[in-house]
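Let's work through a few exercises together, one step at a time. Keep the structure open beside you as you read.

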Amino acid sequence: GTHRVSPWLVDCLRIAREITGLSDGAWCATMLPLVRLWRQAARDGAEPTTQALTAALATCAPDAWDLDGDSLQVHAPDLAFDLGGLAKGFAVDLVVAGLRSRGIDDLLVQVGGETACHGRSSSGDPHRIGIPHPDDPDGSWNAVLSDPGTGLCGSTSGDYRQGVVVAGETHHHVIDPRTGRAAASRISSVTCVFTGLGRNAFADGLSTAATVIGVQGLSVLRAATGCEGCTLRRDPQRGMLATVTPGWDALLADDRTG
């Protein structure tokens, strides 16, 4: 049927549609049936059947819904939205907009792996964003980003949180909507950043999509959006390896371990 939705939900769905297109379907907003399926699998101790995956995948088709102004048209009876891949970033954008509207220019806002900063901290130093180390999420990878003076939006998606354990095997919490299964890219962490403010929701979705695409994900998405980023992956022989976009180093703080 057709449903009238709120302005904030309209904005989220427009961003979701754009990310789905840019990533060639590596992320979509209607994966709740798949998420529920894997949560049930964790409780049952057995992976979903092919039949169950096929049925859930049918609701993730790009033509399962349309948006016209504030009207949402739903074409699949079991369609269900899961905006977890961009809602936290969207919340950061709203908080930042609220602070800026009140004349606050020195700020740092963080919700999970989504962070925005602008200006300087109480010590007078530019605000900085640390990238979590996949093997020690409460510590930083040797990359600390500094506000270049325009503000900074950053999102990190990693395999070290919220894993789904089925029959003793841990699966990535990020699901590939093209297969219905956990992301198979073996990426430990993806960080997407934009200079300026107001693009955390976009960065949130892009980092998730890049996790699904794999090592080349950031390059593909950077070409389309201009984002900068860093991909971390484990190599059996060489340990943790980093792949960065051309503009990444320019955003690094002078003190990269602070």
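Buried means under 20% relative accessible area, exposed means over 50%, and partly exposed covers what lies in between (1.4 Å probe, protein chains only). The model here is predicted, so local features need pLDDT of at least 70 and side-chain atom pairs count only at pLDDT 80 or more, while totals for chains, interfaces and linings use all residues. Residues are numbered from 1 along each chain as its sequence is written, and side-chain values use heavy atoms, with hydrogens and water left out.

**Exercise 1. Decide whether W65 and F81 are buried, partly exposed or exposed, and classify their ring pair.**

Step 1: W65 has 4% relative accessibility, so W65 is buried. F81, at 25%, counts as partly exposed.

Step 2: Recall the rule for rings of Phe, Tyr and Trp (its six-membered ring): they pair if their centres lie within 6.5 Å, and planes under 30 degrees apart are stacked, over 60 edge-to-face, the rest tilted. This rule gives 2 aromatic pairs.

Step 3: The ring centres of W65 and F81 are 5.4 Å apart and the planes stand at 80°, so this pair is edge-to-face.

Step 4: Now place the two residues, using helices (H or I, at least four residues) and strands (E, at least two) as DSSP runs numbered from the N terminus. W65 is in strand 2 (residues 65–68), and F81 is in the loop between strand 3 (71–74) and helix 4 (87–101), so the pair ties together parts 16 residues apart in sequence.

**Exercise 2. Classify the ring pair of F194 and F202, then find which charged end sits over the ring of F194.**

Step 1: With centres 5.8 Å apart and planes at 25°, F194 and F202 are stacked.

Step 2: F194 is buried at 4%, and F202 is buried at 8%.

Step 3: A charge sits over a ring if NZ of Lys or CZ of Arg is within 6 Å of the ring centre and within 35 degrees of the ring normal. The charged end of R199 is over the F194 ring, 4.1 Å from its centre. Likewise, R17 lies over the face of W65, 3.9 Å from the ring centre.

**Exercise 3. Work out which strands stand at the edges of the open sheet.**

Step 1: Two strands pair if DSSP finds at least two bridges between them. The sheet has 6 strands in the order 4-5-8-11-12-13, with antiparallel pairing.

Step 2: Strand 4 (107–111) and strand 13 (239–244) each have a single partner strand, so they are the edges, and one side of each is left without a neighbour in the sheet.

Step 3: Look inside the sheet: 6 bridges join strand 11 (residues 187–195) to strand 12 (residues 228–235), and V193 stands opposite E228 in strand 12.
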